[in-house]
Amino acid sequence: MRILESRSEEESFRIAEELGKKAKAGEIYCLEGELGVGKTVFAKGFAKGLGIDAVIDSPTFNIVKEYQGRFMLYHFDVYRIEDIDELLEIGFEEMTGNDAVCLIEWASRIEEEIPSFAKWIRIDKDLDKGFEYRKITLEEGRA
């Protein structure tokens, strides 16, 4: 487990961009954190690191958006998933089982569908350290 600290939105973006630059085909990144903690900023930086110049926004109402960069990026937001069948109907297993990179916001809502090798990223605020402070915890996988 690694813990990184960010004191600004720009710094969070750069941390995510560096992770995106190091991402490999077939990897799955699970992104967790409360509403408003900066998951979309993180997703934008991560996509930039993959060489994606498109406008990145949260796919809340679409569940998944696709972007082409160094690898295909499937950016999921599963916050509104109420039944796992919804996820399976859009081809989740195929998307997470190929050479693309997947970034899944709110992944704990579907944790039973996430492979054990997935990397987990949790973003937390600590208002005692400032309004823009974020603690970014990276975990290599869950058993």
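**Buried cysteines, two nonpolar cores and a seven-stranded sheet**

Cys30 is buried, with a relative accessible area of 0%. The model described here is predicted. A second cysteine, Cys102, is also buried, at a relative accessible area of 1%. The two are not bonded to each other. The sulfur of Cys30 lies 9.2 Å from that of Cys102, its closest cysteine sulfur, and this is too far for a bond. The reverse search gives the matching result: for Cys102, the closest cysteine sulfur is that of Cys30, at 9.2 Å. A disulfide would require the sulfur atoms to be within 2.5 Å. The structure accordingly holds zero disulfides.

The sheet was examined next. Seven strands form an open sheet with mixed pairing. Their order is β1-β7-β6-β2-β5-β4-β3. The edges are taken by β1 (residues 2–6) and β3 (residues 64–68). Each has a single partner strand, so one side of each is left without a neighbour in the sheet. From one strand to the next, the twist averages 20 degrees.

Strands of a sheet pair through backbone hydrogen bonds, in a parallel or an antiparallel sense. Both senses are represented around β6. Strands β2 and β6 run parallel and are joined by four bridges. Glu32 has Arg122, in β6, as its bridge partner. On the other hand, β6 and β7 pair in the antiparallel sense, over six bridges. Here Ile121 stands opposite Leu138 of β7.

Two helices lie across the sheet. Helix α1 lies across β1, β2, β6 and β7. Its direction is at about 145 degrees to β1. Helix α2 lies across β2, β4 (residues 72–77), β5, β6 and β7. Relative to β5, α2 runs at about 170 degrees.

Nonpolar packing was then considered. In soluble globular proteins, nonpolar side chains tend to be buried together. The largest nonpolar core has 22 residues. Phe42, Phe46, Leu73 and Ile121 have the most contacts inside it. Six elements are listed as giving two or more residues to this core: α1 (9–22), β2 (28–32), α2 (39–49), β5 (101–105), β6 (119–125) and β7 (134–139). The largest share, four residues, comes from α2. Apart from this core lies another, of 20 residues. Among its members are Ile28, Ile63, Phe76 and Ile104.

Leu73 illustrates the packing in the larger set. Beyond four places in sequence, Leu73 touches Phe46, Ala47, Leu50 and Ile52, among others. Its contacts also include Lys65, Glu66 and Tyr67. Val101, Cys102 and Leu103 complete the list.

Tyr29 belongs to strand β2. Tyr29 is buried, with a relative accessible area of 4%. Outside its neighbours within four places in sequence, Tyr29 is in contact with Leu19, Ala23 and Phe46, among others. Val101, Cys102, Leu103 and Ile104 are also contacted by Tyr29. So are Lys119 and Ile121. Tyr29 and Lys119 are 90 residues apart along the chain, yet their C-alpha atoms are separated by 4.8 Å.

Thr96 lies in helix α4 (residues 92–96). Thr96 is buried, with a relative accessible area of 12%. Setting aside residues up to four places away in sequence, Thr96 touches Ile28 and Cys102. Cys102 thus appears in the contacts of Thr96, of Tyr29 and of Leu73.

Asp83 offers a contrast in accessibility. Asp83 sits in the loop between β4 and α3 (residues 84–89). This aspartate is partly exposed, with a relative accessible area of 39%. A polar atom of the Asp83 side chain lies 2.8 Å from the backbone nitrogen of Asp85. Asp83 and Leu4 are 79 residues apart in sequence. Their C-alpha atoms are 34 Å apart in space.

Methods. Residues are numbered from 1 along each chain as its sequence is written. This is a predicted model: local features need pLDDT of at least 70, side-chain atom pairs count only at pLDDT 80 or more; totals for chains, interfaces and linings use all residues. Side-chain values use heavy atoms; hydrogens and water are left out. A nonpolar core is a set of buried Ala, Val, Leu, Ile, Met, Phe, Trp, Tyr and Cys residues joined through side-chain atoms within 4.5 Å. Buried means under 20% relative accessible area, exposed over 50%, partly exposed in between (1.4 Å probe, protein chains only). Contact means heavy atoms within 4.5 Å. Two strands pair if DSSP finds at least two bridges between them. Axes are lines fitted to C-alpha atoms, for helices over the stretch in contact, and angles run from 0 to 180 degrees between N-to-C directions. A polar contact is a pair of N or O atoms within 3.5 Å; within protein, one must be able to donate a hydrogen and the other to accept it, and residues adjacent in sequence count only if both atoms are side-chain atoms.
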